[in-house]
There are 2 protein chains.
Amino acid sequence: MTELKNDRFLRALLRQPVDLTPVWMMRQAGRYLPEYRATRAKAGSFLDLCKNPELACEVTIQPLDRFPLDAAILFSDILTVPDAMGLGLYFAEGEGPRFENPVQDEAAVKKLFVPDAEGELGYVMDAVRTIRRELDGRVPLIGFSGSPWTLATYMVEGSSTKEYAKIKGMMYDRPDLMHHVLETTAKSVISYCNAQIEAGAQAMMIFDTWGGILTPRDYKEFSLRYMAQIVDGLKREHDGQKIPVILFTKGGGAWLEDMAATGCDGLGIDWTLNIGDARQRVGDKVALQGNMDPSILYASPERIRQEVATILESYGKGSGHVFNLGHGIHQFVDPERAKVFVEAVHELSAAYHQ
Amino acid sequence: MTELKNDRFLRALLRQPVDLTPVWMMRQAGRYLPEYRATRAKAGSFLDLCKNPELACEVTIQPLDRFPLDAAILFSDILTVPDAMGLGLYFAEGEGPRFENPVQDEAAVKKLFVPDAEGELGYVMDAVRTIRRELDGRVPLIGFSGSPWTLATYMVEGSSTKEYAKIKGMMYDRPDLMHHVLETTAKSVISYCNAQIEAGAQAMMIFDTWGGILTPRDYKEFSLRYMAQIVDGLKREHDGQKIPVILFTKGGGAWLEDMAATGCDGLGIDWTLNIGDARQRVGDKVALQGNMDPSILYASPERIRQEVATILESYGKGSGHVFNLGHGIHQFVDPERAKVFVEAVHELSAAYHQ
């Protein structure tokens with residue numbers, strides 16, 4: 001494989017010295033970019049875009065051509081795995097993801113299987129290979145998956161929900177079925193992520209979007225336990241390079257120590273924590289990725305720079321910080337503000353790495 | 001005023017000995033009850049129901065006739081205050097609350113005023129008086145308001161939102177305007193709550209539904225600071241009785257110590273905390289209200305009882321716990337499951353008060 005020209009992101013995750021704090025943005029390939037909207041219009045639906053490796057590659061690289069980002073992230077959806085399990089993913093206009101065949105009874109649970117990562121999910125691996133070729137070593141490529149718990153919420157509910165009645169009903173009343181769903185999903189995620197790594201993903205991020213809706217006890221039993229299985233099951237080295245793994249539980253700030261104990265390399269944190277406090281809590285066990293409120297990007301350039309400075313100061317000196325937003329960039333943000341943000345991270349972080 | 005026949009709720013909030021742990025449910029007067037749906041159909045819209053003291057009284061008392069609850073809560077909406085400021089509250093079918101005149105520029109901010117609690121908001125005080133008369137000392141009546149920050153999110157956004165772009169834009173770019181909105185709103189809330197107390201409310205709860213979307217620094221500056229003003233400004237004694245105040249920031253589990261330092265009497269906590277840990281953190285400074293996941297009510301009666309037992313054990317012996325759900329009861333819960341829950345709290349808690 002081509003030599004990596006910018007390895008700041010990987011080095012920071014492994015807590016090795018860097019010249020500047022690396023930065024990327026969750027959902028950096030997204031609707032706030034006019035060029036993304038143009039490619040998406042060409043592709044048809046959002047799902048058509050995910051399933052077209054050439055166009056998925058195109059949108060993955062678009063933000064890198066605008067901003068000096070230190071990582072690319074595979075353009076895909078977290079629900080590709082359950083879709084490949086035959087649940088029939090589709091997007092109802094303005095209503096988010098839905099499944100034609102949600103998993104709502106014992107028969108449906110028992111039918112679940114581990115999909116073939118180079119079969120039903122081959123289009124994702126094709127996208128990874130295409131992107132790596134096009135990146136040509138410019139920055140590392142991050143692969144990703146939803147966490148088993150997060151995937152299961154959509155699989156059981158069949159759509160987005162505010163109340164999580166169906167999945168919590170299953171969890172509280174039939175924990176045996178719930179664990180069966182999660183075990184099959186965890187095996188699927190491991191196979192899926194390892195295939196991404198073999199196809200060329202250079203780091204892996206697990207998005208646990210809905211772990212934060214659980215009690216501390218249930219979080220450990222139904223979400224973290226399966227993320228720990230994934231951390232254990234992933235290829236952590238490929239092609240002579242370490243493959244760092246980042247776990248991100250939205251709203252999971254209270255559980256950082258437990259998350260770090262899985263043996264992952266980095267933790268994503270949202271803006272409801274002070275990153276300096278988070279660093280004190282996890283010590284030198286893991287790197288931290290985050291944690292600017294994406295809404296800051298609605299403010300003036302001066303205010304954005306000030307917030308970047310505050311977060312850099314809070315983290316303090318030394319490696320182990322990947323700068324990011326605490327959540328995906330919003331669709332109505334002006335790309336020029338995103339540019340101010342990314343450039344400010346590089347400009348203002350040099351002093352912390354001398 | 002009539003003597004109170006059941007003062008368990010007030011005693012627990014003041015950390016005085018009780019025979020059983022008191023219990024009530026957020027949104028106990030709500031759509032899960034067929035009798036509520038019938039009264040609401042009679043009233044017309046949700047807002048018509050809030051503005052009709054006789055019918056608001058009817059729905060306030062309905063759950064007490066079904067379950068042995070230890071408190072009633074005024075049936076109203078958190079957005080009555082900004083409505084009385086002339087913002088024009090209405091409910092778009094299936095889309096939540098909206099304002100005809102959101103507060104989105106300096107001119108609109110400067111026009112805000114403190115509404116007359118016995119004038120524009122007189123229908124709320126009429127409801128409080130009617131409910132107190134009908135309750136006839138059965139259980140205490142809780143009055144409430146939204147927190148200034150939470151009210152401001154709706155006032156500035158003009159509707160529910162996922163991204164909070166407008167209010168965070170104002171907060172980050174024009175903190176002077178934001179503080180002006182919050183100051184006027186805090187004064188309005190103080191006047192509104194004190195009028196409720198004079199009309200007969202025997203405890204007060206401040207709902208900070210959206211404080212949890214802030215960074216720790218901004219929570220203190222834009223939400224907690226104004227809740228502290230309210231705690232200071234409320235009549236804490238009326239008619240020879242103490243009036244306890246409860247603060248509830250959804251998702252605010254990280255900030256309990258700061259919330260307790262306001263001098264309030266109780267803190268509401270959601271289910272993402274272990275209540276035993278929360279008790280250790282706040283010591284004997286405040287009572288705790290919560291914290292069962294409302295989704296447990298989808299599970300079997302046995303599972304519900306088991307969860308009640310777990311939470312009682314986690315809190316441990318002694319007073320200072322008001323049992324509640326960590327969030328409002330869901331509309332699709334079977335009222336019989338709510339009954340199992342309420343009865344279990346009384347039955348299983350006796351052992352903790354010997």
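Student: Which residue in β8(B) is the bridge partner of B:M205?

Tutor: The bridge partner of B:M205 in that strand is B:I246. The model is a predicted one, in which local features need pLDDT of at least 70 and side-chain atom pairs count only at pLDDT 80 or more, whereas totals for chains, interfaces and linings use all residues. Residues are numbered from 1 along each chain as its sequence is written, and chains are lettered from A and ligands numbered from 1 in the order in which they are written.

Student: What makes β5 and β8 of chain B a pair of strands?

Tutor: Strands (DSSP runs of E, at least two residues, numbered from the N terminus) pair if DSSP finds at least two bridges between them. Five bridges join β5 (residues 203-208) to β8 (residues 245-249) in chain B, so the definition is met, and the two strands run parallel.

Student: Why are β1 and β11 of chain B said to stand at the edges?

Tutor: The open sheet of seven strands in chain B has the order β1-β4-β5-β8-β9-β10-β11, with parallel pairing. β1 (72-73) and β11 (321-325) each have a single partner strand, so one side of each is left without a neighbour in the sheet.

Student: How do you know what relation links chain B to chain A?

Tutor: Superposed by least squares on the C-alpha atoms of residues with pLDDT of at least 70 in both copies, chain B can be laid on chain A with an RMSD of 0.0 Å by a turn of 180° and a shift of 0.0 Å along the axis. That is the relation of a two-fold axis.

Notes: Helices (H or I, at least four residues) and strands (E, at least two) are DSSP runs, numbered from the N terminus.
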